[in-house]
Amino acid sequence: MKRKVLVLEDEENIRSFVVLNLKRAGYEIVQAGSGEEALEKYDENPDIAVAVLDVMLPGIDGYEVCRALRARGYGAGVIMLTARTQEADKVTGLMTGADDYVTKPFSVVELGARVDALYRRVSNNPFADEDIIISGPFKLNLRAREVQKNGVKIDLTQIEYGILKAFMQNIGKALSRDDLLEMVWGHHYVGELKIVDVNIRRLRIKIEDNPAAPQYIVTVRGYGYMWEA
Ligand code: CA
């Protein structure tokens, strides 16, 4: 199943920001700048899994779009982007068939989490792994357990792959050595935290442009590491 997300937002800077972040999270994006355009795009892409709809639009508003989608029988998950928090709007939204709300101003992290959650619900598989994660020049394929940088496959051990996967599933989040140990080696591993540092050193040599000045796996002093692509 394609992980297609529709992003409807008339403000171009907000839209491109949302699109960029959802693309990084591995979604294929269909964009629209108006409600009318969104409905056209939807007809061309009936496999859209989640629709992120801004409410305030120059033509027909986000609620109208949602109502029209439901009337056409599309079963996508719908998240409304609303600038307003009044109860009345939530009621309107629920009546039009929206599944969730994000109130502006929102963080892309929050929106991304809502899209992920709704996608899992819609795709009917709460354990569905994301197939592809893209971050900077890196592309991680969870099915093939393979990582490419600028389209070139990187040779990794299973542990190195596990570390990269842990980072790329937590972009921009500091992970402690304990976190990494648990995520990669598992709960039952009994040993030294230093094994994390040793593997990260090796991984940096394989993936960083300049391992002496890492820009992707950065050190978070006194804590651990963070993925910054
Ligand atoms: Ca708007």
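**Note on the two open sheets and the chain overall**

1. Four strands build an open sheet in the order S6-S7-S8-S9, with antiparallel pairing. Strands pair here if DSSP finds at least two bridges between them. Strand names follow DSSP runs (E, at least two residues), numbered from the N terminus, as do helices (H or I, at least four residues). The model is predicted: local features need pLDDT of at least 70, side-chain atom pairs count only at pLDDT 80 or more, and totals for chains, interfaces and linings use all residues. Residues are numbered from 1 along each chain as its sequence is written, and side-chain values use heavy atoms, with hydrogens and water left out.

2. The edges of this sheet are strand S6 (132–135) and strand S9 (152–154). Each of these two pairs on one side only. Neighbouring strands are turned by 25° against each other on average, direction ignored. Axes are lines fitted to C-alpha atoms, for helices over the stretch in contact; angles run from 0 to 180 degrees between N-to-C directions.

3. Look next at strand S7 (residues 138–141) and strand S8 (residues 146–149). They run antiparallel and are joined by 4 bridges. Phe138 has Lys149 of S8 opposite.

4. A further open sheet has 3 strands. Its order is S10-S12-S11, again with antiparallel pairing. Strand S10 (174–176) and strand S11 (217–220) each have a single partner strand, so one side of each is left without a neighbour in the sheet. In this sheet, neighbouring strands are turned by 35° against each other on average, direction ignored.

5. S11 and strand S12 (residues 224–227) run antiparallel, with 4 bridges between them. One pairing to check in the viewer: Ile217 has Trp227 in S12 as its bridge partner.

6. Two helices meet the S10-S12-S11 sheet. Helix H6 (residues 158–168) lies across S10, S11 and S12, at about 70° to S12. Helix H8 (residues 194–207) packs on the sheet and touches S11 and S12. The direction of H8 makes about 145° with that of S11.

7. Now the whole chain. The protein chain has 8 helices and 12 strands. Of its 229 residues, 45% count as buried, meaning under 20% relative accessible area (over 50% is exposed, in between partly exposed; 1.4 Å probe, protein chains only).

8. Take contacts with a separation of 6 or more (contact: heavy atoms within 4.5 Å). Residues 24 or more positions apart account for 54% of these.

9. The protein chain exposes about 11,800 Å², by the Shrake-Rupley method with a 1.4 Å probe. Carbon and sulfur atoms supply 51% of that area.
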